[in-house]
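Got your viewer open? Let's take a short walk through this one, stop by stop.

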Amino acid sequence: MSSQDHPVSSFKDKIKSSWPYTLTVAIIGLMSLWIRTYPSNTVFLSDGSVRFTANDAWFHMRTLRVLLENYPHRMFLDPMTNYPNGSYIHFGPLFDQMMAITSLILGMGHPSSHLVDTVGAYFPAVLGALTVIPVYYIGKYIGGHKTGILAAIVIAFAPGHFLLHSMIGSTDHHIAESLFSTFFMMFFMLALISAKEKKLRFEDVFNKNLKVLKEPFIYAVMAGVMYSAYQLCWPGGSLFLLIVLVYAVFQCIFDNFQNESSDYLGFTGVITCLVSTILILPFVHPDMGFSLYYYSWFHVITAIGAMAGFAALSLIQRESKRKKMKTYYYPLIILGAGILGFIFIKVLSPSLYSLIINAPSTIFGIQQGGPSTIGEASSMFRIGDKIVLSEAYKYFTPTGFLASLLGIVILAANLFRKPKPQEVLLLIWSLLILFAIYGQNRFAYYYSINISILSAYLGGLLLDKVKWNELDQKFKNTVKLPEDIPKAFKFIKVQQIFAVLAIVLFLIYPVYGSAILYTKISNGTPDQWVEACDWLRSNTPDPGMNYNAVYEAPKNGEMFQYPDTAYGVMSWWDYGHYIETIGHRMPNANPFQAGIGGRRVSINETNQPGAATFFTAPSEEEASAVLEAIDPRPDKAGARYIMSDARMATVMFSAIPKWTLDTEGYDQAYWIGNQYQSIPTARYFNTMKAKLHIFDGNGLKHYRMVYETEAYQSNEVAYKQVYNYFYGGKLPEVDTGSVKIFEYVKGANITGMASPNETVKISTTILTDKGRTFEYTQSTTTDSQGRYEFTVPYSTEGPIAGQTQFDTAPSGPYVLSYGDTTKEVKVSEEAVLKGEEIKV
């Protein structure tokens with residue numbers, strides 16, 4: 001119980017005194033739910049379909065449907081992505097299980113597809129609204145009811161990542177991480193407070209003193225349950241285990257200097273970690289060894305290690321007190337014990353040691369190379385070599401972010417007096433999450449929790465300065481009936497009014513105003529990608545896979561055995577989930593950063609085949625070699641279709657070569673107008689990416705456009721203007737299909753005879769499904785015998801059954817010309833698919 005709250009004599013009295021706050025928190029939660037479901041019309045479309053707003057949301061809905069189809073069996077290997085390897089699912093099982101159970105209950109055991117979509121769409125909004133509960137209680141135990149209410153209000157409308165991840169349609173596990181990690185911190189804090197107030201000692205455990213143990217034990221068990229729930233939403237949940245361990249070290253040192261026992265902390269930590277160890281065990285995949293990204297022995301060992309750490313901190317302190325050692329020996333002993341522990345781990349398991357040592361850098365470190373292009377993995381405070389705060393201001397509002405920093409400073413200053421365990425815990429928690437968003441801005445949805453509590457903490461201190469508790473007590477003593485409310489206003493002082501106004505203007509209004517703006521942000525799946533993937537699903541051959549089946553993972557490192565009809569779809573990794581979940585086809589790369597290829601560490605490495613090496617390939621031959629290398633099976637290309645969009649070819653392109661660690665020469669600075677501007681160079685226009693999207697695949701032998709969506713305004717026109725001006729091109733300076741689908745084919749071989757060393761040209765006009773036309777041309781020179789050969793990817797006779805049902809095709813036969821000779825050539829679809837020869 002906070003010292004700022006009035007004690008109550010019984011449970012009945014406690015309920016009676018707290019109901020106004022409970023009601024207030026419930027109202028705040030409903031307001032929070034309202035703002036998260038405000039843009040529902042952008043999620044539920046007029047045709048009854050649901051448009052999920054997050055990339056991973058589509059994949060979560062896939063894993064949810066597979067789970068419901070095979071309940072209770074869950075997919076672990078997904079062979080429908082990262083073709084031809086498949087991807088192991090690192091998502092935690094709890095988020096999908098919660099949605100599945102909700103769907104089964106509401107659907108009476110047989111939920112309809114629309115019901116499942118509806119549950120999935122609303123689920124993040126509900127979890128986001130529920131977060132006000134643990135935030136309120138943490139605030140309450142930091143600074144009383146008023147601080148708790150303020151914290152609940154701020155988190156209810158907190159903008160940025162927290163709001164975006166908890167908005168309707170953003171069906172992702174991130175908001176579940178925030179909810180359960182906050183509940184974990186709440187129960188851990190309550191266990192600490194209770195155990196310390198009851199002066200819990202390890203002797204109470206041996207003597208079975210239930211009067212002392214009962215309440216701390218229950219809170220510690222709940223902390224373990226919530227930590228496990230958090231871990232089962234995200235395998236990287238060991239982050240919060242690190243936070244409480246770092247806190248424990250500092251708290252034990254403070255307790256030691258103040259000559260106080262740390263048994264309460266050791267007891268809380270041991271029980272919490274023991275419960276976590278038990279609950280995580282059933283979900284461990286032994287074949288994963290020690291892995292941070294999948295549920296493995298790492299999660300068990302770290303929980304057991306943390307349990308040993310908590311126990312050691314307390315026992316070492318007891319022993320140092322018993323031997324009357326000087327207080328500064330204690331931190332030195334802890335340091336020595338930690339070093340010995342790491343040495344022991346390194347000797348026992350070098351792989352585990354390496355994982356533990358390197359794990360913090362994956363969270364707190366600045367990403368380099370390709371990973372630096374992942375939006376959510378970039379630093380919130382760095383753009384290049386510059387330190388900036390604009391992103392923090394955007395996500396948290398300027399007053400909210402600065403209030404959190406001031407709150408941290410005040411909590412740090414409190415360390416020089418006798419700090420409460422909950423204050424030290426909040427300080428360490430906030431500092432480590434602040435460091436985490438320096439490394440990766442994705443953790444901003446965690447820091448929103450800290451900002452809410454720290455802002456409320458400042459607001460609570462301000463209200464203490466104007467004697468708010470006295471006003472609160474006078475209101476309670478005066479207001480017995482509704483008609484008594486006017487009488488109570490006479491107790492309000494001017495400084496209290498100004499304090500409330502300051503809190504509203506600087507803490508509450510900014511987050512509310514920013515949240516309203518966030519609800520109007522269009523964050524849905526691009527219509528053109530939905531259209532293109534729908535076409536892919538309806539007009540391309542069935543790959544022969546059971547989309548909703550649970551497949552067993554291959555053993556002993558073997559490859560998954562795909563049917564002969566299987567094939568991949570090459571695109572940049574951002575779009576992999578769209579291809580799989582909307583198009584029901586198998587992308588080569590996906591948002592798990594699988595299938596990208598390239599280099600990861602050094603320019604001296606071999607470029608691995610994948611999306612990055614395909615799209616940056618400087619020739620058609622090298623690009624095709626990448627596709628052939630992706631699938632090691634003979635006569636089997638890694639991809640049959642390539643999907644490209646205008647953003648990928650322009651503003652996003654710079655991210656692609658970063659994965660190959662070879663970024664020089666794709667653009668060049670020119671003085672244009674009154675400033676330098678970066679424009680694409682010849683190296684860019686020679687890439688496979690430009691050949692496909694900017695040039696429509698003109699002149700390519702094995703790639704043909706089979707579909708394009710409507711054109712949208714993009715940078716494509718500017719790129720074509722550069723090409724025409726600097727490189728003598730004659731491209732029409734217009735936007736073309738926003739998303740284009742190409743097919744990789746063997747191509748028909750057109751052969752013939754002409755005069756030796758004569759230039760021969762072949763061309764045709766391609767008419768796309770949207771009515772746009774462009775010229776397809778090739779030219780060659782006959783050999784000394786007068787022979788010539790062309791490989792062309794388009795058939796003039798249209799599609800055939802069981803193959804691609806394209807509408808984009810030549811408007812007439814090919815025209816072959818040399819000298820004064822002109823010939824028309826018709827090409828069948830069979831010739832294109834089988835690589836047959838057509839003699840002219």
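How many bridges join strand S5 to strand S7, and do they run parallel or antiparallel? Select residues 568–570 for S5 and residues 641–645 for S7: two bridges join them, and the strands run parallel. Keep in mind that you're looking at a predicted model. Now pick out Met 570, whose bridge partner in S7 is Ile 642.

Next, bring up the rest of the sheet. It's an open one with five strands, in the order S6-S5-S7-S11-S10, and the pairing is mixed. At the edges sit S6 (586–587) and S10 (703–708), each pairing on one side only. Add helix H26, residues 620–630, and you'll see it packed on the sheet, touching S5, S7, S10 and S11 (739–744). The direction of H26 makes about 80° with that of S10.

Time to look for empty space. There are two cavities of 30 Å³ or more. The largest holds about 60 Å³. To find it, select some of its lining, including Val 154, Tyr 395, Phe 396, Ser 448, Ile 451 and Val 511. Helix H19 (444–465) gives the largest share of that lining, with four residues, and helix H16 (390–396) also supplies at least two. Colour the lining by class and you get seven nonpolar, four polar and no charged residues.

Last stop: the second largest cavity, with about 40 Å³ of space. Among the residues lining it are Asn 256, Lys 321, Lys 326 and Tyr 330. Helices H13 (297–322) and H14 (329–348) each give two or more lining residues here. This lining divides into three nonpolar, three polar and two charged residues.

Conventions: Residues numbered from 1 in each chain as written. Predicted model: local features only at pLDDT ≥ 70, side-chain atom pairs only at ≥ 80, totals over all residues. Heavy atoms only, no water. Pairing = 2+ DSSP bridges. Contact = heavy atoms within 4.5 Å. Axes fitted to C-alpha atoms, helices over the stretch in contact; angles between N-to-C directions. 1 Å grid on protein atoms, 1.4 Å probe; cavity = no way out; pocket = protein on both sides within 12 Å on 5 of 7 lines; lining within 4 Å. Points joined across faces, edges and corners; volume = space filled by probe spheres on them. Nonpolar A, V, L, I, M, F, W, Y, C, P; charged D, E, K, R; others polar.
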